[in-house]
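Visitor: I'd like a close look at a single part of this one, please. Pick a stretch, stay with it for a while, and then show me the setting around it.

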Amino acid sequence: SGLEQDERVRTARRVRVQSLPVRALLSVAPVTICEPRFSRVCVAYRPRGGARVHVRMFKDVPMADLELCYPNKKAALNATEALKAVATLLVGLVAALAAAYGSLARAEGGGG
């Protein structure tokens, strides 16, 4: 019985936004999405050809991002994610420019 209880504590189910029902996403009430995290992660490694041991500490690391703490690990975006990021950046830039132009036009029109 004690072993089963330990297993329940150690296992976690990752909830993805895609798996939430549509009514939960469209509701006015906030939806809390919990992801398991490591409160502290200590990585000790020796670089190739090096004599010293390097120790790095991280706090509040999500389980999904644990591998990013490893040395020589590079974070990369696939083409779709990069395109989404660039599109978001462009839309934000256009919105900021439109807001600045609109406030400039109102300031010039109101003073004359």
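Guide: Let's go through strand 2, residues 54-62, and then its surroundings.

A bit of housekeeping before that. This is a predicted model, where local features need pLDDT of at least 70 and side-chain atom pairs count only at pLDDT 80 or more, while totals for chains, interfaces and linings use all residues. Residues are numbered from 1 along each chain as its sequence is written, and side-chain values use heavy atoms, with hydrogens and water left out.

For orientation, the protein has 3 helices and 2 strands, arranged along the sequence as α-α-β-β-α. Helices here are DSSP runs of H or I with at least four residues, strands are runs of E with at least two, and both are numbered from the N terminus.

Now to the strand itself, starting with Lys-59, which sits in strand 2. Lys-59 is exposed, at 60% relative accessibility; exposed means over 50% relative accessible area, buried means under 20%, and partly exposed is in between, using a 1.4 Å probe and protein chains only. Setting aside residues up to four places away in sequence, Lys-59 still touches Phe-38, Ser-39 and Arg-40, where a contact means heavy atoms within 4.5 Å. Its C-alpha is 5.5 Å from that of Ser-39, although the two are 20 residues apart in sequence.

Next along is Asp-60, also in strand 2, and worth pausing on for its backbone. Its phi is near 50°, a positive value in a residue other than glycine. As for cover, Asp-60 is partly exposed, with 48% relative accessibility.

Then comes Val-61, another member of strand 2. Val-61 is buried, at 6% relative accessibility. Leaving out its neighbours within four places in sequence, Val-61 contacts Arg-37, Phe-38, Val-41, Leu-66 and Cys-69. Ser-39 turns up again here: its C-alpha is 6.6 Å from that of Val-61, with their positions 22 residues apart in sequence.

Pro-62 is in strand 2 as well, and it counts as buried, with 12% relative accessibility. Beyond four places in sequence, Pro-62 touches Glu-35, Pro-36 and Arg-37. Arg-37 is 25 residues away from Pro-62 along the chain, yet their C-alpha atoms are separated by 4.1 Å.

Leaving the strand, you get to the loop between strand 2 and helix 3, where Lys-73 lies. Lys-73 is partly exposed at 40% relative accessible area, and its contacts outside four places in sequence are Glu-67 and Leu-68.

Helix 3 covers residues 79-111 and includes Leu-97. Leu-97 is exposed, with 54% relative accessible area. It belongs to a nonpolar surface patch with Val-86, Leu-90 and Leu-93, and together the four have about 380 Å² of accessible area. Patch members have over 30% relative accessible area and no salt bridge, with like charges joined within 9 Å and nonpolar side chains (Val, Leu, Ile, Met, Phe, Trp, Tyr) within 5 Å; a salt bridge is a side-chain nitrogen of Lys or Arg within 4 Å of a carboxyl oxygen of Asp or Glu. Areas come from the Shrake-Rupley method with a 1.4 Å probe, and for residues only the protein chains shown count as cover.

Back to the whole protein. Buried residues make up 7% of its 112 residues, and Val-61 is one of the buried ones. The accessible surface is about 10100 Å², with 58% of that belonging to carbon and sulfur atoms. Of the contacts between residues at least 6 apart in sequence, 26% join residues at least 24 apart.

Last, confidence: mean pLDDT, the predictor's confidence in each residue on a scale from 0 to 100, is 77 for the protein, and 67% of residues reach 70 or more. Over residues 1-9 pLDDT stays under 50, and the model has 0 contacts beyond four places in sequence for them.
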